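Open your viewer, switch on the cartoon and keep the selection tool at hand. We will go stop by stop.

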Amino acid sequence: VKNIEEGTIFSLEETNGTGSTRMFSKDDPEDNGKVINGRFVLNYKCGNSTSRHFALYSISHWVKLEFWANQGDTVYVKGNGKILGNWEVRTNAPEQKEWDSIRKATAKEYEAYQQAWLDYEAYRQYRRNTEMSDAEWNSTKIVLAQKDTLRQKNHRLWLKSQLIAMKEL
């Protein structure tokens with residue numbers, strides 16, 4: 001991966017439509033999922049025999065890369081920058097080919113949503129970590145609300161573009 005901070009730690013979740021489960025924990029090796037020299041390895045042994053839907057994410061980036069994988073697959077990702085949703089993914093799961101078509105058709109909308117999410121989160125962290133007077137704190141609420149509205153609007157546009165892509169594909 002390029003343009004990702006050294007030491008960034010990625011986590012893996014399995015999603016099932018109603019929630020998700022974190023795939024590794026503090027008991028895993030210290031470097032599991034950690035970016036070292038522009039690379040990371042995240043080991044997880046899947047017990048299911050069918051294709052599963054996963055999300056790769058990092059707490060420091062607040063956006064995710066969704067993909068499909070089979071039991072026993074080695075999943076390869078290649079990326080540049082914090083917009084994880086546009087990273088390249090290679091797996092053997094048949095669902096991944098379909099998901100890649102949808103991702104390609106909605107890439108512009110998804111990038112706008114992820115960028116709005118990153119902007120919102122960066123401003124939220126700025127507010128949390130900056131000493132301000134009450135007046136300054138109150139004035140920044142307006143900006144945060146605007147960033148949140150933009151994030152939500154871009155999310156709806158991305159979801160709408162996914163529905164259109166699914167109908168057309």
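## First stop: threonine 91

Select threonine 91 together with tryptophan 68: the side chain of threonine 91 comes to 2.8 Å from the backbone oxygen of tryptophan 68. Before going further, bear in mind that this is a predicted model.

Now look on the other side of the selection list, at alanine 93. Its backbone nitrogen is 3.2 Å from a polar atom in the threonine 91 side chain. If you colour by secondary structure, you will find threonine 91 in the loop that runs between strand E6 (88–90) and helix H1 (94–105).

Is threonine 91 buried or exposed? With a relative accessible area of 17%, threonine 91 counts as buried, because the cut-off for buried is under 20%. To see its surroundings, show Phe67, Trp68, Ala69, Asp73, Val75 and Gln96, which threonine 91 touches when residues up to four places away in sequence are left aside. Try a distance label on one of these, alanine 69: the C-alpha atoms of threonine 91 and alanine 69 are 5.8 Å apart, although 22 residues separate them in sequence.

## Second stop: strand E1

Move to E1, where 5 of the 5 residues are buried. Display the side chains and turn the strand: Ser11, Glu13 and Thr15 point one way, while Leu12 and Glu14 point the other way. In a regular strand, side chains alternate between the two faces of the sheet.

Next, add strand E3 (residues 52–57). E1 and E3 pair in the antiparallel sense, over 5 bridges. For one such pairing, pick threonine 15 and then histidine 53, its bridge partner in E3.

## Third stop: the salt bridges

How many salt bridges does a search of the whole structure find? The search gives 5. Side chains of opposite charge can pair when their charged atoms come close. Three of these pairs are worth a visit.

- Select lysine 82 and glutamate 5, whose side chains form a salt bridge at 3.4 Å, N to O. This pair links distant parts of the chain, 77 residues apart: lysine 82 is in the loop between strand E5 (76–78) and E6, and glutamate 5 is in the segment before strand E1 (11–15). Lysine 82 is partly exposed at 36% relative accessible area, and glutamate 5 is partly exposed at 38%.
- Go on to glutamate 121 and arginine 124, where the closest N and O atoms of the salt bridge are 2.8 Å apart. Both are in helix H2 (residues 107–129), and because they are 3 residues apart there, about one helical turn separates them. Glutamate 121 is buried at 4% relative accessibility, whereas arginine 124 is partly exposed at 23%.
- Finish with arginine 151 and aspartate 148, a salt bridge with its closest N and O atoms 2.3 Å apart. These two lie 3 residues apart in helix H3 (residues 134–168), about one turn of the helix. Arginine 151 is buried at 14%, and aspartate 148 is buried at 18%.

## Last stop: helix H3

Stay with H3 and show the whole helix. H3 has 35 residues and spans 51 Å from its first C-alpha to its last, close to the 51 Å expected at 1.5 Å a residue.

Which residues of H3 are buried? Highlight Thr140, Leu144, Asp148, Arg151, Asn154, Trp158, Ser161, Gln162 and Ala165. Then bring back strand E4 (64–69), H1 and H2, which are among the elements that cover the buried residues of H3.

Definitions and conventions
Residues numbered from 1 in each chain as written. Predicted model: local features only at pLDDT ≥ 70, side-chain atom pairs only at ≥ 80, totals over all residues. Heavy atoms only, no water. Helix = DSSP H or I, 4+ residues; strand = E, 2+ residues; numbered from the N terminus. Buried < 20%, exposed > 50% of the residue type's maximum accessible area, 1.4 Å probe, protein only. Contact = heavy atoms within 4.5 Å. Polar contact = N/O pair within 3.5 Å; in protein donor to acceptor, adjacent residues only side chain to side chain. Salt bridge = Lys/Arg side-chain N within 4 Å of Asp/Glu carboxyl O. Pairing = 2+ DSSP bridges. Expected span 1.5 Å × (residues − 1).
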